[in-house]
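Open the model in your viewer and keep the selection box at hand. The tour goes stop by stop.

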Amino acid sequence: MPYTDLRDWIKQLDMAGELRRIREAVSPTLEMAEIADRTAKLGRGTPTAGGPALLFENVTGYPGASVLMNQFGSERRMKLALETDSLDAIADRIRTLLHPVTPITMMDKLKLLPKLAEVGNFFPRLISAKDAACKQVIHRTLEDGGQGIDLLKLPILTTWPQDGGPFITLPCVVTRDPNSGKRNVGMYRMQVYDGQTTGMHWQRQKVAAEHLRDRLRAATEPGGLESDSGGPSFASSAKGGLGSATNLSARVDLMALTAGGATAAPASMPAHTLSKLREGRMEVAVAIGTDPATTFSAIVPAPPEVEEYLIAGFLRGAPVELVRCETVDLEVPAHAEFILEGYVSLGELRSEGPFGDHTGFYTLEEPYPVFHLTCITHRRDPIYAATIVGKPPMEDAWMGKAVERIFLPLMQLTLPEIVDVCLPPEAVFHNLMIVSIKKSYAGHARKVMNGIWAMGQAMFTKCIVVVDEDCDVQDLAAVTLRVANNIDPERDIQFTLGPIDSLDHASRLPNFGSKMGIDATRKWPAEGFTRPWPAMLQQDPAVVARIDALWKKLGIE
C-alpha cells in the first residue's frame, strides 16, 4: 500500500530500523546540518552507507517542533520510499508503458484491461478541504481577517556558516502554466527574508521560471495580462498565435534586456509594459513534508507536458490526493505537513544567497524573484522536512542515483542506442555523464553527445564520456581504463557552447559556457583510424573455470 503521508512514511522507517530519534536539544542553525552531514557520510562504500534517517524531536528555540532529515539518504531508503526491491524494476514498468505490446486477438485486448485500469490510478484526485489534513490549522494575513502569518515560527535550517540566512531546502513548489493550465511541481531552495517573504531560486532554465517568463512576455502586449486570480489569460500570441510583428519584437526586446527575466526591466521599456510588470503577479504554492513519492517527483526531469502529480501517482501506484488552496488558484498535496500560499511579483527581484550548495561550494548572491506569503496552513503538531546539500556523498546522491536508474528508459526513447548511463555523485550529477552505446556508424558517439545536450535538463551536462556497450559504466575503474587508453585527445575531445547550470561558478558567464564530450569508443577505419586496434586482455575461459573450482582451497581469502 502506498504511504498516505509523511507520518505514514516515518512509521515505516521506524519499523524498518531506518530511523533515529534525536532527543537531545539541537539547534536548526548549523547544528542539525552538521549531524546530518556526518550521518550521510557514514559507512561509505559499504551496505550501510548513508546512515539512518533522523527525526529531531527537541529543536532548540522551537518547543514542540520536529524536523525530519536524511529520509532519502541511502539506497535502502530510496527503495523503501518508492516501495520497490529494485530501482531498475521501476524503469522496467516505464518501458512497458512506453512500448506496449500491440494486441492482436481478443484475449490480448482483454489482458490489457488491468494495465489500463492501473494507468487510471496514476491521475491525482481532488478532495474536499474538510478531509485534507493540511487544513487542520489555517493562518491568514491581517488583511484577510486572520491573526497574521509568520514563517519564522517554522524551524527552518541554516546549513552552512556563510549562508545568507535560513533556507527552506525540501519544498515542493507548485506553479501553473499560463498557456496550458498544467501544473508543475519543482524543488527550488527558498531563502527566508522575514516572516512573510522568501527568495524563490528557480534557476533560469527550470519550468517554473518559464511560467514566469510567459507572464513577462504577456506584459508587452496591450491589454494582454491579468493576474492569476482573475480576468482572461494573456493574448493569443502567447498561446501559439503569431500576433503582430510589433508585439513579437517587444517580447524579444524584453527577454534580451532582462536576460530572460534575470534582471530588472530597464526604464526605457514602454510605459504600459513597466506598469504591468509592477502590478502583475504569478500565484505560487509550496508543500513541505509530503509522502516520499511526491517529494521525489519534484526533482525528476519530467517533460513539461507531464505533471509531477501524475509521476507521483505512477510511483505510488495510487493517486495523489489534492486540495484547493485558500488564497491562490492552485491544488496542493492534501496531507502535507505545511502549505505556504502566495505570489511572485513579475517586476520584483531581490538578492538571494550565498548558499552552501551540492557542488561543495557556495553559490554566490544573485537576484531572484521574491515569494510573498498570503496564507500558511498546516497539520496539528506538524513535522518539518529538510535536507542539507554539500560535498558528496549527501542525501541527494541517492536521490540522483534513483533518477538515473528510473528515467533511463526516457533517454532511450529519444536515443535508443544508449545501453546505460552513470551520473557519479562526486561530479554532482550534471558535471559528468558516462554513457555506453551500441555503436553503429562513424561519428555515432558525437551524435549521442549532441542528442544529450539537446535533452531537457541534460543540457547542463558539462562533460559527457561515451564508451562502447562492453564497458560497464557503473564501474568507474573500467571507464577510466577505457578513457585513458582509447582516446587521442585532439581527435576525440570536442567542445561546444550552450546553457550551463546556474550553480556552475567556473563558467565564463553565468548560465552560459562550454561543455566537453569525450569519445572513448573503439575507433573504426570508417572514422579514419588505420592502425591495428589491439584486443583487451582476457584470460582463457578454461583456465578461469579451473581456478574458480580451486580458489577456496588456496586459502588466499
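**Stop 1: a long-range pair.** Select K135 and E326. They form a salt bridge, with the closest N and O atoms 2.8 Å apart. Bear in mind that this is a predicted model. The pair links distant parts of the chain, 191 residues apart. K135 sits in the loop between β4 (125-126) and β5 (137-140). E326 sits in the loop between β12 and β13 (331-333). Colour both by accessibility. K135 counts as buried because its relative accessibility is 10%, under the 20% cut-off. E326 is partly exposed, at 28%.

**Stop 2: strand β12.** Move to β12, residues 321-324, and pick L322. Is L322 buried or exposed? It is buried, with a relative accessible area of 2%. Now show what surrounds L322. Leaving out residues up to four places away in sequence, L322 touches P124, R125, L126, I127 and R183. Y309, E331, V332, P333 and A334 complete the list for L322. For a distance check, add L142, which is 180 residues from L322 along the chain. The C-alpha atoms of L322 and L142 are separated by 27 Å.

**Stop 3: helix α10.** Y309, a contact of L322, belongs to the buried residues of α10. Select the whole helix, residues 308-316. How many of its nine residues are buried? Eight are, so α10 is mostly covered under the 20% cut-off. The buried set is E308, Y309, I311, A312, G313, F314, L315 and R316. Step just past the helix to G317, which takes a positive phi of about 75°.

**Stop 4: the cores.** Select W202, L340 and Y384. In the largest nonpolar core, of 48 residues, these three touch the most other members. Centre on W202 and ignore neighbours within four places in sequence. Its contacts include V173, T175, Y188, A208, A209 and L212. Also in contact with W202 are M282, V284, V344, Y368 and P369. Apart from this core lies another, of 32 residues. A293, L315, I383 and M399 are among its members. L315 is also one of the buried residues of α10.

**Stop 5: helix α11 and its charges.** Select E404 and K401. Their side chains meet in a salt bridge, 2.9 Å from N to O. Both lie in helix α11 (residues 395-406), three residues apart, about one turn of the helix. E404 is buried, at 3% relative accessible area, while K401 is partly exposed, at 22%. Extend the selection to D88, R405 and D420. Together with K401 and E404, they are linked in a network of salt bridges.

**Stop 6: a short-sequence pair.** Select K41 and D37. Their salt bridge has its closest N and O atoms 2.6 Å apart. K41 is partly exposed, at 31%. D37 counts as buried, at 12%. The model's salt bridges come to 39.

**Stop 7: the open sheet.** Show five strands in the order β19-β20-β21-β23-β22, an open sheet with mixed pairing. Which strands are at the edges? They are β19 (418-422) and β22 (493-499), each pairing on one side only. Neighbouring strands are turned by 20° against each other on average, direction ignored. Inside the sheet, β21 (residues 463-468) runs parallel to β23 (residues 512-519), joined by four bridges. Pick V465, which stands opposite I518 in β23. Finally, select helix α14, residues 476-486. It lies across β19, β20 (432-437), β21 and β23, running at about 90° to β21.

Terms used: Residues numbered from 1 in each chain as written. Predicted model: local features only at pLDDT ≥ 70, side-chain atom pairs only at ≥ 80, totals over all residues. Heavy atoms only, no water. Pairing = 2+ DSSP bridges. Helix = DSSP H or I, 4+ residues; strand = E, 2+ residues; numbered from the N terminus. Axes fitted to C-alpha atoms, helices over the stretch in contact; angles between N-to-C directions. Contact = heavy atoms within 4.5 Å. Core = buried A, V, L, I, M, F, W, Y, C linked by side-chain atoms within 4.5 Å. Buried < 20%, exposed > 50% of the residue type's maximum accessible area, 1.4 Å probe, protein only. Salt bridge = Lys/Arg side-chain N within 4 Å of Asp/Glu carboxyl O.
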